[in-house]
Structure formats: structure tokens, C-alpha cells
Amino acid sequence: MEIIRSNFKSNLHKVYQAIEEADFFAIDGEFSGISDGPSVTALTNGFDTPEERYQKLKKKERYIVISKVDEEERKRREQQKQAKEQEELNDAVGFSRVIHAIANSGKLVIGHNMLLDVMHTVHQFYCPLPADLNEFKEMTTCVFPRLLDTKLMASTQPFKDIINNTSLAELEKRLKETPFNPPKVESAEGFPSYDTASEQLHEAGYDAYITGLCFISMANYLGSFLSPPKSHVSARSKLIEPFFNKLFLMRVMDIPYLNLEGPDLQPKRDHVLHVTFPKEWKTSDLYQLFSAFGNIQISWIDDTSAFVSLSQPEQVPIAVNTSKYAESYRIQTYADYIGKRREKQVKRKWMEDSWKEVEPKRLNTQCASYGSQNHHYHANSLTATSTVGKRNLSPSRAEAGLEARVSGEISDTELEKTDPCAEPLSEGRKKAKKLKRMKKDLSPTGSISDSSAKLFEVPDTW
């Protein structure tokens, strides 16, 4: 049946039952608002690092339309806005039950080029995306312990040599042909729109449906390499483990995926140059500048800079030397560019941390003042607030609270109450504790050995 807003609550039990019976889940967001602000293509660069790509996708600018209205019209619009927000909130809270049920099941979740889908799902139904990529990885694997991206799977051996186009529509067509054996699926009576012959592409439910079909076809193909061959490979098979928790990175030349379970690939990029030039320059000007170096690839960063990839690393020193006396442009190696940028980031972080130290020192001064007053009115007290750099022989209430919290005797909330001058726990620390609790709750169904299948591997170099 079709679950829509009007019948969602009354059929939620059927959704839970389907989640319980499913072998895996295929998702596709088609979230409204993804295209707001700059497009993904405009934001991204062919030599983005995984950290840069994450930050760019996380940062979505919004456009505000300003208009002049009278007071009555303003009130009407405000009421409409509040009603719409309440409706969206009710829908989000309701559907979040489904997302949480899928997460708690621990079952495999499949998508096609799914990084944005995962980011939006985590952001909309769990918590705002963290600033740090590693925190995002930890959070994502807590919510969805097992993810599989069919676009990455199709771009990897043994599929890479026999699948030329990995776009979802073309992939679905290719997997109906030899040597693949697509599953036979009959649409439920009264629901003909999901017949693959009708191609309801870019409708979220249909895209998720054919993503699931693509996964089944590719997983079953892996079974043909076994001895004896297997015609059906389940979502719990070791054969597909090498593809777990690696999300395809679109339009990155030498880092094909984001690794949710560890460090990302770090290609040398010793053939890449960073070039700065006047705003008036076009792509043709860059081709002209590097015409003596044969085939090149250009990845624009902004209006005045770009990465230029040479075919041979040996040509890099020559290219750099050509800009030594140039007035309108500058060329440096990728390593030099990254090194200078990191220096700036470290300096900026040092400045920010220096400013952050000012507030704790002010609070410590206030606490010391409070402690002296407290000692005056309560002469029999055994504790007093310690000053910076010194420690009382008797532990303060806050220190005792910290020791008790480390040993698990009191909660974070109780700790904050032990000292009126204590700073509240940071959101990051609270989030980390919540993630650890989630990890205990989100154990995948069924036992899966830690040993990884060696028949197929997602390579470290491409």
C-alpha cells in the first residue's frame, strides 16, 4: 500500500512490521531545499579533500526575499508561517519514528550516491551536523551501523570493467543484461507506477526501489565467483562487507569515497599545481598558459584560483619556475599550497583558543570571590574554591564530583549542580556520551564475524 501523510499514523504499525521483516532498506531523499543556494557542482572541486567536501556540503546558503507589507499582511503571513512550521514539525516528529526504527534494526541501509541523503537524514532526524568530519563519521555509524553505496559498488571491481555508466537509470538498465541476473519483481495490484518499464525517475520512492534492485543484481553476481556458485547472495553475506560504510564522493578525481570507519585516502597529488590569476581569466587562458605541458585537467576553486593537474609529475618544477618572474599569475605545488593553508588554520585556531581562555579565567576569578564569601559565612566548611595553578589539600565539591563522574557514580547533570560556578558541559561532550550510548543500543541483527571477506576489495588507490 501507499503510505502518505493522511494515513501515516493509522498505518505506522504496518511500517514497523515491514522494517522487522526486511532484509535491507533502500533509501533516496529527494529532499526539498537541497538545491537552495549554490548547486553542488558550483560548491565542489575535483581536488577537494574529504574534509573540504563535507564542509562544503554542510554549508548551504539560503536566499531571503525582502518585501514591504502593511501590519495586517505581516500578521497574516506570520500566522501562515507558524501553521506551516507546526505542520512540518508534526510530520518530522512522526516520520522520525520510522528513521529510528530503521536505525535500531541495525540492518543494511542502501543508497545510490548517498552522502547527501545520509547527511540530511542525520541532520533532520537526529541532531545538527557536527563541525568536524570525524565526529560526523562517528555519529553516522552510530545511527546507521551498515551503509552501502551502489554507485561506489558499481565503480569498483569486479563491476568496473563491465559497467560503463553508473548513473542510477543507466545502471538499472545495464544490470538487466548479461552477465547479470536481475530479480523478478511483480508490482502489487493497483500500484503499476513502480513497474520499471514506466521509469518514474527522480521520484524518491521509485529511485529507492530501483536502487534496491541494483543492489540485489550486483550482490547475486558476486555469488558467481564462489565455488560452487551461488545464485542468491543475502545482505548479510561476507561477500559485500568490503563495500560497507564507504560513501561515493562525486567529482573528486583521486578520492573515490568517504570512509566512515577510518582515515580517508591521501593521494600524493605531486602532479597537481595551485594557480592564482586575474579575475578576468577564463579556462582558455589556463589552457594557453600550460600549452607546452600536454594534456592537463583544470578544477576551478574560485574566480581567481584553480588546480591544474599535469600528466607527468616531472613537469611540476618546470611549471613552477615559469611563474617566478610573472606579474599576473603565480604557480605553486599542491604540497606548498596545503602547507601554507594549514599554517593559517593553526594560527587562526591559536588566536581563537587564546580568546577562549579569557572567559574561563574571568569565571575562575568569580569563583574565587564566591569561595571567599562562602568561607566567611560558613566557617565550618571543609572546602573552598581552588585558585588557578593551586590545589587544596581537601578536594573541592567540583573536584569530588569530577572523580565521582569518572567512576560513574553521578550523572553529568548532577555534576553541573555541585558547583554554582562550574561551566556546563560542552555540547560536544554531551553529544559524544550520547553517541556511546547509541552504539550500545544499535547492535546489528545477526552475528557477523570481524574478519573481512578477501574475495573483493575496495582498493586504496584508483
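A polar contact here is a pair of N or O atoms within 3.5 Å; within protein, one atom must be able to donate a hydrogen and the other to accept it, and residues adjacent in sequence count only if both atoms are side-chain atoms. With that in hand, let us start at Arg269, whose side chain makes a polar contact of 2.8 Å with the side chain of Tyr334. A polar contact of 2.8 Å also links the side chains of Arg269 and Asp254.

Before going further, a word on the model: it is predicted, so local features need pLDDT of at least 70 and side-chain atom pairs count only at pLDDT 80 or more, while totals for chains, interfaces and linings use all residues. Residues are numbered from 1 along each chain as its sequence is written, and side-chain values use heavy atoms, with hydrogens and water left out.

Where does Arg269 sit? Look in the loop between β5 (257–259) and β6; helices (H or I, at least four residues) and strands (E, at least two) are DSSP runs, numbered from the N terminus. Arg269 has 4% relative accessibility and therefore counts as buried, the term for under 20% relative accessible area, with exposed meaning over 50% and partly exposed in between (1.4 Å probe, protein chains only). Neighbours within four places in sequence aside, Arg269 is in contact with Phe47, Asp48, Thr49, Val252, Asp254, Ile255 and Tyr334, where contact means heavy atoms within 4.5 Å.

From that loop, step into the open sheet of four strands, ordered β7-β8-β6-β9 with antiparallel pairing; two strands pair if DSSP finds at least two bridges between them. At its edges are β7 (296–302) and β9 (330–333), each pairing on one side only. The twist from one strand to the next averages 25 degrees, with axes fitted as lines to C-alpha atoms, for helices over the stretch in contact, and angles running from 0 to 180 degrees between N-to-C directions.

Strand β8 (residues 305–310) is a good place to pause. Five bridges pair it in the antiparallel sense with β6 (residues 272–276); Leu273 has Val308 as its bridge partner, and Val272 has Ser309. Towards β7 there are six bridges, again antiparallel, with Ile298 opposite Val308. β7 and β8 form a hairpin with two residues between them. In a regular strand the side chains alternate between the two faces of the sheet. In β8 both faces are covered, with Ser305, Phe307 and Ser309 buried on one side and Ala306, Val308 and Leu310 buried on the other. Six of the six residues of β8 are buried, so the strand is largely enclosed by the rest of the structure.

Now turn to the other sheet described here. Three strands form an open, parallel sheet in the order β1-β2-β3. Because β1 (24–26) and β3 (147–149) stand at the edges with a single partner strand each, one side of each is left without a neighbour in the sheet. Three bridges join β1 to β2 (residues 108–111), and Ala26 stands opposite Ile110 in β2. Helix α9 (residues 204–222) packs on this sheet, touching β1, β2 and β3, and its direction makes about 130 degrees with that of β1.

Finally, consider a pair of helices. The axes of α5 (residues 115–125) and α6 (residues 133–143) come within 11 Å and cross at roughly 80 degrees. That makes α5 roughly perpendicular to α6 (under 35 degrees is roughly parallel, over 145 roughly antiparallel, 65 to 115 roughly perpendicular and the rest oblique). Leu115, Val118, Met119 and Val122 of α5 meet Phe136, Met139 and Thr140 of α6.
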